[in-house]
Amino acid sequence: MEYVAVSVIVVNYNGLNHLKKCIPSLITTEGVAFEIIVVDNGSEDESVVWLKNNFGFNKNSPRLKVIEAKKNLGFGRANELGVEFAEGDMIAFLNNDTEVHPDWLLNLSELMSQNKQITAACSKLMLIEHPKLLNALGGGMSRMGYGYDHFFGFSNDHGAIESLSEKRSIPVLFPTAAAMLISKKDFLNLGGFDKSFFMYHEDVDLGWRIWLAGGQVHVCPNSIVYHRFGGTTAVVHGNGWRDRLGMRHNVRSILKCYRKKNVKSVLIEHARMWIRRKAWKEMMQVIWWNLIRLPDTLLERSRIQKARIPSDEELFMKGLISASPTIPPQIPQINRKRIVDYTVKATSLPMGDDLAIGRLGSGWYFVETIDDKRARWNTGHAKCWLKVAPNCSGSVILNLLLPGPPLDRAEGVWVNISCGPSIREFEFKGHFGWHTLEINAQSDSEGILEIDIVSSTWSPDAVFNNGDKRILGCAVEVINFKAINNTESLFQVSSDALDGKDLTVIIPTYNRKEVLKEALASLMKQTLKNFNVIVVDDGSTDGTMDFMNLWRNQEEANLHFSIKFLTQENQKQGQARNYGLKSVNGGIVMFIGDDILLEPDCLQIHMGMHKKMNIDGSMAVVGFTDWDREKMDVSPFLDFINNFGAQFGYKLMSPGEQVPFTCFYTSHISMSMSVLGDNPFDSCFKEYGWEDIDLGYRLSREGLKIIYVPEARARHLHPTDMISFFNRQRKVGFAVETLLKIHPALRHNIYLPAFNPPALWTFILLPPVWNVFVRCMDFLDQRQILFSSNLYHWLVSYSFHSGWAERLGVKK
């Protein structure tokens, strides 16, 4: 029989899609005599059939063995089952969601054969979806027992990674079990993976025990494996399930491995954390799981503590156990190709906006407040993109906070910025703080500006001793592009190049035939021709249907678009739109209100945007709607609610850029019919409002990009005053709970208001005088007297939260 040096064990559970890439990759391994053992945990997805049919191996094959468990044994037990069948003296554990470099195993084997002090070694893991970014350079652990991946999300060409990669190996607390090597003898002598762990924390626990037994764990930077982070479990169970298992296993490891004084202090900290978070259910689950296993845990503790060599303090001193987990940078959610395909125009990149992640490459941490500014630190090597007009010259301007005292220099810091062929180097000595830096730039033929920021690095913990061991470069508040010339408009496409037959405008209406007449008149003035209009009468009682038929008879000879009138019982505007959609065969759908008057080129601009930019149907265009200033008296308060979020938020939106789901304004928005599906508006919304925000949220999660195009203009003919608006806000507040019951995660979303009911005294004192106060405010507003935006915000918030509190029964 052929000699086997290493047995590579792959545990699989319903991971056929992963195996189809993992096994062919694994077979290319060079330089080591090895066998493959696939332990299948009772999969139901034909994984075993695929293995046998495609490789012709069975349980008795010396090259690949398939061990079929009768049920899902979990990660640790399944691996140990594989060890029972292993012929090699060395055992390599490999996740099924990995792809290996051909010399991955050779480098691990040579490292361990050359350094007998190393008990276990692991590969450098790279992210499959982002192959230039690290998943892990070995694993570390915080004092609280939380395992984490070293340098998760860092670019492989970051200076710190390049420096570490020159080393033969680096000591780490635990070997990441996605790709690790250990001798069969040592694995069994250590007791293998903890048999009580179903999944997660096995490698942390094993690595901790290796160090306590006097062994060492190292990561080998030359052994490279690509890992699909999350893999099967992220899809099947989700992160919450993973966190629950990890926490209960963490507590068992703490009980086994720490000295008594650290067991006590760390568990007290965990209890305090649960109490602060009010995580009673999680706390009881973890305590109960550990209580029923306490006798076995104490036996394991006795065995480990009797044989231990280093103290807890030694592991702290070596940096193997840190004060707290190192916060990783964010993983990019986009790349250059997606910027080209999906982004319309992005001349500004405010880092404090959560949507900025859509234009950030690697190397950026999460948003935080720095010197009262919303900004992001980077790792010292970061990338981002802007999109402007093609071949546009100008300058990129960055407002940034210089790096702190550097790790590799006694004094002075530096920042290098590049954009295409333009590169500028900035050096500063003894003068830290915020600076505005500028570099010449020219977009390419696709309008892309790719910006790289490389700087000296520093660590907050080294300066402030605050436990923050992140590697930081500079912090950036905003990046802007200032154009010198603009050779092409992103918004204009000739009407001759557009076919209106692909556009359907849907207008729901209820008891507003007079203003509907104005809306239809604006459609007759459109420069785009041959489009379709569907008007849905939502059970009006003012003769709207008779009016619509009369209007069509009078105007039929002058129409340059087709129009269809539908009627239904009153079911609110969302269901009226659903009814109208049943008559649409495809193309672009535009929703407008019955009180929205479109400017003559509005439809042309909408269709031009979709023709030019909406390549795969994943874009919605929201236009700008101002008050009809010719037919209405527009007061300061009406301007406020149109621009600052109470009704619309146009002053808070950047032209040509992506906006959040809360800007899914169905009074003036267009998108591909293909993204809507059947009955997209949820029938749960019986009161006024939120059905459009609900749909915008669902579509945004599915990848829809909502782009603000102010060139597409309309007028809003809806006379209102403070009294009627505040009454409507109470209804909106009353109805918001419907949205939050459907999407509980939105309770903490930054784009929606948190529940903040008015103080009790306002319930007692305000109602008797509220109407008088609002009438006085309205009287002054009608006379164009401007008040502070803070007062307007408070009045709107009071009305909204009063309705919400009433819905929740807070207000008695």
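Of the 812 residues in the chain, 56% are buried. The model described here is predicted, and its chain contains 24 helices and 32 strands. Long-range contacts are well represented: among contacts with a separation of 6 or more, 79% join residues 24 or more positions apart. The paragraphs below visit a few regions in turn, starting with a pair of helices close to the start of the numbering.

Helix α1 spans residues 16–27 and helix α2 spans residues 47–55. Two packed helices are described by the angle between their axes and the distance between the axes. For α1 and α2 the angle is about 35 degrees and the axes lie 10 Å apart. The crossing of α1 past α2 is right-handed. On the α1 side, the contact is formed by L16, L19, K20, I23, P24 and I27; α2 contributes S47, W50, L51 and F55. In character, the residues of this contact comprise eight nonpolar, one polar and one charged. An α-helix has 3.6 residues a turn, so residues three or four places apart point the same way. That general rule is a handy one to keep in mind when looking at the α1 residues L16, L19, K20, I23, P24 and I27, which take part in the contact with α2.

Helix α1 is also a good place to turn to the cysteines. C22 is buried, its relative accessible area being 1%. C602 is buried as well, with a value of 0%. As for disulfides, the count for the model is zero, the criterion being a pair of cysteine sulfur atoms within 2.5 Å.

Strands come next. Four of them, in the order β17-β22-β19-β20, form an open sheet with antiparallel pairing. The edge positions are taken by β17 (381–387) and β20 (422–428). Each of these two strands has a single partner, so one side of each is left without a neighbour in the sheet. From one strand to the next, the twist averages 15 degrees. Within this sheet, β19 (residues 413–419) pairs with β22 (residues 448–455) in the antiparallel sense, over five bridges. In that pairing V415 of the chain sits opposite S455 in β22.

Strand β18 (residues 393–401) offers another view of strand pairing. Seven of its nine residues are buried, so β18 is largely enclosed by the rest of the structure. Nine bridges connect β18 with strand β21 (residues 434–442), and the two run antiparallel. Strand β23 (residues 475–483) is likewise antiparallel to β18, to which eight bridges join it. L398 illustrates both pairings: L437 in β21 stands opposite this residue, and so does I479 in β23.

Helix α18 (residues 572–581) is mostly covered, with seven of its 10 residues buried. These are G574, Q575, A576, R577, N578, G580 and L581. Which elements do the buried residues of α18 pack against? They pack against four strands and a helix, namely β24 (503–509), β25 (532–538), β26 (562–568), β27 (588–592) and α21 (691–701).

Further along the chain, G803 belongs to helix α24 (residues 789–808). This glycine is buried, with a relative accessible area of 1%. Leaving aside neighbours within four places in sequence, G803 makes contact with R730, G733 and F734. The C-alpha atoms of G803 and R728 are separated by 9.5 Å, although these residues are 75 residues apart along the chain.

Two loop residues complete the tour through their backbone angles. Most residues other than glycine have a negative phi, and most peptide bonds are trans. D371 has a positive phi, near 55 degrees, and is found in the loop between β15 (368–370) and β16 (373–377). With a relative accessible area of 51%, D371 is exposed. Q784 also has a positive phi, in this case about 65 degrees, although it is not a glycine. Its loop lies between α23 (760–782) and α24. Is Q784 exposed or partly exposed? At 46% relative accessibility, Q784 counts as partly exposed, since the exposed class begins over 50%.

How values were computed: Residues numbered from 1 in each chain as written. Predicted model: local features only at pLDDT ≥ 70, side-chain atom pairs only at ≥ 80, totals over all residues. Heavy atoms only, no water. Buried < 20%, exposed > 50% of the residue type's maximum accessible area, 1.4 Å probe, protein only. Axes fitted to C-alpha atoms, helices over the stretch in contact; angles between N-to-C directions. Left-handed = near helix turned anticlockwise from the far one by under 90°. Contact = heavy atoms within 4.5 Å. Nonpolar A, V, L, I, M, F, W, Y, C, P; charged D, E, K, R; others polar. Pairing = 2+ DSSP bridges.
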